[in-house]
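Work through these exercises with the structure open beside you. Try each task before you read its solution.

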Amino acid sequence: MTDSTVVGSLSTPHRGLPSHTAAIPSLPVSASPVYLDAATAAPMHPVARQALLAALDDGWADPGKLYTQARRARQLLDAAREATALTLGVRADEVSFTPSGTTAAHGAVLGGLAGRRRVGSTLVHSAIEHSAVLHAAERHVAGGGTATAVPVDRSGRLDLTAWSTAVRAPGVALAALITASHEVGTVQPVAEAASACADVGVPLYVDAAQSVGRVPLPAGWSVLTASAHKWGGPPGVGVLAVRKGTRWESPWPADERESGRTPGVVNLPAVVAAAASLRAAAADAAAEASRLEPLVDRIRARVAAEVPDVEVVGDPVLRLPHLVTFSCLYVDGEALLHALDRRGFAVSSGSSCTSSTLRPSHVLEAMGVLSHGNVRVSLHRETTEADVERFLTELPGIVAGLRAEAGVVGL
Amino acid sequence: MPDEVIDCRGQRCPLPVIAAARRMPEVPVGTVVRVLADDPAAAVDIPAWCRMRGHEYLGSVNGPEGPAYDVRRTH
Ligand SMILES: Cc1ncc(COP(=O)(O)O)c(C=O)c1O
């Protein structure tokens, strides 16, 4: 979205308003914005907005101090923690709020490794973890540790046999598994992976960023992280939950806040909004899942049928209800995103050409599926059937146009 | 050994795949075409393209000319 949308109005920015479009002459008037990138950031839930505004008035003081305003802030923080713990099915003192899902993941990995450094220095993780987890793993390896990546199959599902072998090796301090792929939506066999870990006493960390507030959480984990802007909370709030009895040690310089698990003052208004919207999202999750699942089914079927030479990736059944990914042969991913954006569609891509690293998406690479021309569509509570229909109606022509431009028709 | 070599070094995805796709119908069935490509995405996309098109992917070699991918036209 453009800066003018953000500063221009308090209305929901992803929907836009005529006044916004008028301010941006290059945007075709006919293309009303359709935001389909909830897996990056879901539009803010109305409950989050209300709670945020209320907490700006009421929750600006430092909750650690001993005066009236601080006590009020403390109450808000405690209530947010209790609500979040309730939704996650853990105790309130097991939950800490972090400055993002990324810092939560860094803390989960490095803290889980630090807490068990006497046992060993190996991290086992799936090949399809989020870059936050992989970058923490790189840091660990740079410091002399070891990391073992466990492969997935063509649908993006963990190889459980390889996982069980990997966690059974001597010196494994921690295992990390994403609950469901942020790139292709495939749900991972967390319960089975957890029991393989439990057999050998290895704690399991799950990155649940794409699951929390949308689908029921698996059991058997010791550490969990999540990210509020994935469920309709504000950006810049992460959750780190460490179960009692887990040997986890903060990897950061000492700080007493948030049970010593993450340094610095919390962004309390955002935390309050995150907790309120999590409760709301979780209450609606089952209904939302059954509304969005058929829309994702429709996208899977129609894209495969109506766009030639396309590979719809990810498990067709064991998947998140709101996310679908496909790759278009011979099409440049960045060109496709721009063409979709010109028609008002906001989507994401794992294509190498759209990332600054110029590496193919490690997730698509691990699955062995086409990595160029890749599009990830992710739906949210404001997505309508009409939005999906318009996307499906326009996509075949947009792809055909790009192929014609590149001279690759009939190859 | 390959029967012929296409040099796609310096080209970004999906250009190496497109080059292979353009060449394939012009060579006899059974021909092994080697694609030189230094875009790391080629390592994923050339095998995936072979699978989608039903050509045989013979594997990659990393020689003095950089990464190379061998494909046999099968139909
Ligand atoms: C699976 C997963 N883990 C972690 C993150 C990082 O969260 P955040 O954007 O809050 O830093 C994301 C979001 O990109 C994600 O999808």
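Buried means under 20% relative accessible area, and exposed means over 50%. Keep in mind that this is a predicted model.

**Exercise 1. Decide whether A:Glu258 is buried or exposed, and describe its backbone.**

Step 1: locate the residue. A:Glu258 sits in the loop between β8 (238-242) and α9 (268-306) of chain A.
Step 2: apply the cut-off. The relative accessibility of A:Glu258 is 7%, so this residue counts as buried.
Step 3: check the backbone. Phi of A:Glu258 is positive, about 50 degrees, although the residue is not a glycine.

**Exercise 2. Do the same for A:Tyr330: where is it, and is it buried or exposed?**

Step 1: A:Tyr330 belongs to the loop between β10 (323-328) and α10 (333-342) of chain A.
Step 2: its relative accessibility is 4%, so A:Tyr330 counts as buried.
Step 3: A:Tyr330 also has a positive phi, near 70 degrees, and is a residue other than glycine.

**Exercise 3. Place A:Ser222 and list what it touches.**

Step 1: find the loop. A:Ser222 lies between β6 (204-207) and β7 (223-227) of chain A.
Step 2: judge the burial. At 17% relative accessibility, A:Ser222 counts as buried, because the cut-off is under 20%.
Step 3: list the contacts, leaving out residues up to four places away in sequence. A:Ser222 touches A:Pro203, A:Leu204, A:Ala241, A:Val242, A:Arg243 and A:Thr246.

**Exercise 4. Test the length of helix α4 of chain A, then find what it packs against.**

Step 1: compute the expected span. Helix α4 covers residues 68-88, which is 21 residues, and at 1.5 Å a residue it should span 30 Å.
Step 2: compare. The end C-alpha atoms of α4 are 30 Å apart, which agrees.
Step 3: pick out the buried residues. Among them are A:Ala73, A:Leu76, A:Leu77, A:Ala80, A:Arg81 and A:Thr84.
Step 4: recall the helix rule. An α-helix has 3.6 residues a turn, so residues three or four places apart point the same way.
Step 5: name the partners. The buried residues of α4(A) pack against α3 (46-58), β2 (95-98), β7, β8 and α9 of chain A.
Step 6: look just past the end. A:Gly89 follows α4(A) and has a positive phi, near 75 degrees.

**Exercise 5. Describe chain A as a whole: which elements does it have, and what is its radius of gyration?**

Step 1: count the elements. Chain A has 12 helices and 12 strands.
Step 2: apply the globule rule. The radius of gyration of chain A is 22 Å, close to the 22 Å given for 411 residues, so the chain is as compact as a globular protein of that length.
Step 3: add the burial. Buried residues are 54% of the 411 in chain A.
Step 4: look at the contacts. Of those between residues at least 6 apart in sequence, 71% join residues at least 24 apart.

**Exercise 6. Repeat this for chain B, and find its cis peptide bond.**

Step 1: chain B has two helices and four strands. From the N terminus on, they run β-α-β-α-β-β.
Step 2: its radius of gyration is 11 Å, close to the 11 Å from the globule rule for 75 residues, so chain B is as compact as a globular protein of that length.
Step 3: buried residues make up 48% of the 75 in chain B.
Step 4: the cis bond joins B:Cys13 and B:Pro14, with omega about 0 degrees. B:Pro14 is in the loop between β1 (4-7) and α1 (15-23) of chain B.

Definitions and conventions:
Residues are numbered from 1 along each chain as its sequence is written. Chains are lettered from A and ligands numbered from 1 in the order in which they are written. This is a predicted model: local features need pLDDT of at least 70, side-chain atom pairs count only at pLDDT 80 or more; totals for chains, interfaces and linings use all residues. Side-chain values use heavy atoms; hydrogens and water are left out. The radius of gyration is taken over C-alpha atoms; the globule rule is 2.2 Å times the number of residues to the power 0.38. Buried means under 20% relative accessible area, exposed over 50%, partly exposed in between (1.4 Å probe, protein chains only). Contact means heavy atoms within 4.5 Å. The expected span of a helix is 1.5 Å times one less than its number of residues.
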